[in-house]
Amino acid sequence: MKTPVKHFVTLTMLVGALALAGCDKNSRFGKDRNAANAANAAMGSVSDPTSPAYFNQVVGDRVLFAVDQSTLSTEAQGILTQQASWLTTNPEYSAIIEGHADEQGTREYNLALGARRASAVQAYLIDRGVSPARLKTVSYGKERPLAICSDEACYSQNRRAVTVLNVGGTS
């Protein structure tokens, strides 16, 4: 009877040792945090007007739309004018414009609506001097909501177009 107990204890210790061996000492001592900080530094600082962080937070990376609309509001045009200026000043960046919709309507309808919204933003930026070669569009329809609930507070956040920066080509 003592033999199965000894085997169980040995097996338990072996499993424990393997579990500890699988731990990465870097994550235990904050090295993963340093990698995350380096990734954030690559985005730049909000105080650096040439950084993507500045673009996202100060210029604004998104515009909102009314229900079932792809027409740009006055507020959206103001943001997009700033985006065009930033993109013109920072030619090393290209952008993918993501079109989004709220959860109302069919998947197909919302994909088409998201495409119209992304195209409206693209056309506005091109009209303001951004090279068409630096801009691509994609529609996610209702597939990537920011807010999830079935009321206007959420719907209004999801009816949007987001300009996502890339260094170099728009791949």
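**A four-stranded sheet and its helices**

Strand β2, helix α6 (residues 107-127) and strand β3 together make a β-α-β unit, and this unit is right-handed. The model described here is a predicted one, and this unit is a handy place to start exploring it.

The sheet itself is open and is formed by four strands, in the order β1-β4-β2-β3, with mixed pairing. Strands β1 (62-64) and β3 stand at the edges; each has a single partner strand, so one side of each is left without a neighbour in the sheet. On average, and with direction ignored, neighbouring strands of this sheet are turned by 20° against each other. Helix α5 (residues 74-89) packs on the sheet, where it touches β1, β2, β3 and β4. The direction of α5 makes about 160° with that of β1. Helix α6 packs on the sheet as well, touching β1, β2, β3 and β4, and its direction makes about 155° with that of β3.

Strand β2 deserves a slower look. On one side, β2 is joined by seven bridges to strand β4 (residues 160-167), and these two strands run antiparallel. Two of the residue pairs can be picked out in the structure: Ser 94 has Asn 166 of β4 as its bridge partner, and Ile 97 has Thr 163 of β4. The pairing of β2 with strand β3 (residues 135-141) is in the parallel sense and spans six bridges. Here, Ile 96 of β2 can be followed across to its bridge partner in β3, Lys 136.

How many of the residues of β2 are buried? The strand, which covers residues 93-100, is mostly covered, and eight of its eight residues are buried. The side chains of a regular strand alternate between the two faces of the sheet. In β2, Tyr 93, Ala 95, Ile 97 and Gly 99 point one way, while Ser 94, Ile 96, Glu 98 and His 100 point the other way. The residues of both sets are all buried.

Two residues of helix α6 make a useful pair to examine. Asn 110 lies in this helix and has a relative accessible area of 1%; because buried means under 20%, Asn 110 counts as buried. Leaving aside residues up to four places away in sequence, Asn 110 touches Ala 101, Asp 102, Glu 103, Gln 104, Gly 105, Ser 139, Gly 141 and Lys 142. Ser 119 is also found in α6. With 36% relative accessibility, Ser 119 is classed as partly exposed. Between Ser 119 and Val 138 there are 8.8 Å in space, C-alpha to C-alpha, and the two are 19 residues apart in sequence.

Finally, the cysteines are worth finding in the structure. The count of disulfides comes to one. This disulfide is formed by Cys 149 and Cys 154, whose sulfur atoms are 1.8 Å apart. The link of Cys 149 and Cys 154 is right-handed, with 105° about the S-S bond. Are its two ends buried or partly exposed? Cys 149 has a relative accessibility of 24% and so counts as partly exposed, whereas Cys 154, at 7%, counts as buried.

Conventions
Residues are numbered from 1 along each chain as its sequence is written. This is a predicted model: local features need pLDDT of at least 70, side-chain atom pairs count only at pLDDT 80 or more; totals for chains, interfaces and linings use all residues. Side-chain values use heavy atoms; hydrogens and water are left out. Buried means under 20% relative accessible area, exposed over 50%, partly exposed in between (1.4 Å probe, protein chains only). Two strands pair if DSSP finds at least two bridges between them. A crossover is right-handed if, with the strands pointing away from the viewer, the path from the first strand over the helix to the second runs clockwise. Axes are lines fitted to C-alpha atoms, for helices over the stretch in contact, and angles run from 0 to 180 degrees between N-to-C directions. Contact means heavy atoms within 4.5 Å. A disulfide is a pair of cysteine sulfur atoms within 2.5 Å.
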